[in-house]
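Here is my note on the model you sent round. I have kept it to short points, taken region by region.

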Amino acid sequence: LKRNVTRDEKLFAICELLADEIPSFSWVGFYLPDPEGKQELVLGPFVGPSTDHTRIPYGRGICGQVALSHETFVAQDVHSEENYLACSTDVQSEIVVPIMKDDEFVGQLDIDSNTKNSITKEQRELLEEICEFLSDEF
Ligand code: SME
């Protein structure tokens with residue numbers, strides 16, 4: 001009998017799958033809204049090098065901007081972004097996709113790549129589908 005799998009375990013499994021299947025993804029993780037209602041993101045399950053950015057105020061960096069805009073953000077060259085938080089100097093491009101549930105922002109999927117201009121339309125569509133599907137977990 002399979003025990004119940006927690007939401008965080010599912011999120012971690014998705015990180016592992018994406019990191020394994022798409023070699024250009026160097027870091028794959030989720031940020032979730034602070035459970036106490038502070039306007040900050042809290043780092044959730046992730047795969048990749050550990051990051052200093054375990055909490056990100058809304059509005060700061062690409063992640064913080066998505067927490068406010070609720071729109072997918074694709075940065076094909078992170079160095080041309082004015083509002084960007086570097087996790088690793090190797091990162092060149094990044095995509096952040098919000099997870100929405102009934103118009104409420106419940107989390108986001110953040111992916112880094114060490115290659116410039118590497119986020120494809122197909123990847124964006126796949127990640128947006130995953131986030132839509134994950135909405136049911138929240
Ligand atoms: N680069 C992000 C910070 C999170 S790390 O990529 C894991 C940003 O600008 O918000």
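1. Start at the end of helix α2. The residue that follows α2 is H70, and its phi is positive, near 60 degrees. Most residues other than glycine have a negative phi. Bear in mind that this is a predicted model.

2. Two further residues belong in this group. D102 has a phi near 45 degrees, positive although the residue is not glycine. D102 sits in the loop between β5 and β6. With a relative accessible area of 70%, D102 is exposed. N117 has a positive phi too, near 50 degrees, and is likewise not a glycine. N117 is in the loop between β6 and α3, the helix of residues 121-134. N117 is exposed as well, at 56% relative accessible area.

3. Now helix α2 itself, residues 61-69. Which of its residues are buried? They are G61, I62, C63, G64, V66 and A67. What do these buried residues pack against? Their partners are strands β1 (25-33), β2 (40-47), β3 (55-57), β4 (73-75), β5 (93-101) and β6. An α-helix has 3.6 residues a turn, so residues three or four places apart point the same way. Set the buried list against that: it includes C63, V66 and A67.

4. Step back to the whole chain. The protein chain has three helices and six strands. From the N terminus, the order is α-β-β-β-α-β-β-β-α. Among contacts between residues at least 6 apart in sequence, 48% join residues at least 24 apart.

5. On dimensions, the C-alpha trace spans about 45 × 35 × 25 Å along its principal axes. The radius of gyration is 14 Å, which agrees with the value near 14 Å for a compact globule of 138 residues. Buried residues make up 43% of those 138 residues.

6. On surface and charge, the accessible surface comes to about 7,800 Å². Carbon and sulfur atoms account for 48% of that surface. The chain carries 11 positive and 27 negative side chains. The centres of the two sets lie 4 Å apart.

7. Q108 deserves a look. This residue lies in strand β6, residues 104-113. Is Q108 buried or exposed? Q108 is buried, because its relative accessible area is 0%, and the cut-off for buried is under 20%. What does its side chain reach? The side chain of Q108 comes to 3.2 Å from the backbone oxygen of C63. C63 is one of the buried residues of α2. Beyond its neighbours within four places in sequence, Q108 is in contact with G29, F30, Y31, L41, C63, V66, A67, V96, V97, P98 and I99.

8. D112 is also in strand β6. This aspartate counts as buried, at 3% relative accessibility. Where are its contacts, leaving aside neighbours within four places in sequence? D112 is in contact with S24, F25, S26, W27, C87, V91, S93 and E94. F133 is another matter: D112 and F133 are 21 residues apart in sequence and 21 Å apart in space, C-alpha to C-alpha.

9. P45 is a proline in a strand, β2. At 12% relative accessibility, P45 counts as buried. Outside its neighbours within four places in sequence, P45 is in contact with D8, L11, F12, C15, G29 and F30. G29 and F30 are also among the contacts of Q108. P45 and N114 are 69 residues apart in sequence, and their C-alpha atoms lie 20 Å apart.

10. Last, a residue on the outside. E82 is found in the loop between β4 and β5. E82 is exposed, with a relative accessible area of 85%. How far is E82 from S50 in sequence and in space? The two are 32 residues apart in sequence and 23 Å apart in space, C-alpha to C-alpha.

Conventions:
Residues are numbered from 1 along each chain as its sequence is written. This is a predicted model: local features need pLDDT of at least 70, side-chain atom pairs count only at pLDDT 80 or more; totals for chains, interfaces and linings use all residues. Side-chain values use heavy atoms; hydrogens and water are left out. Helices (H or I, at least four residues) and strands (E, at least two) are DSSP runs, numbered from the N terminus. The radius of gyration is taken over C-alpha atoms; the globule rule is 2.2 Å times the number of residues to the power 0.38. Buried means under 20% relative accessible area, exposed over 50%, partly exposed in between (1.4 Å probe, protein chains only). Contact means heavy atoms within 4.5 Å. Accessible areas come from the Shrake-Rupley method with a 1.4 Å probe; for residues, only the protein chains shown count as cover. Lys and Arg count as positive and Asp and Glu as negative; His and the chain ends are not counted. The place of a charge is taken as NZ of Lys, CZ of Arg, CG of Asp or CD of Glu. A polar contact is a pair of N or O atoms within 3.5 Å; within protein, one must be able to donate a hydrogen and the other to accept it, and residues adjacent in sequence count only if both atoms are side-chain atoms.
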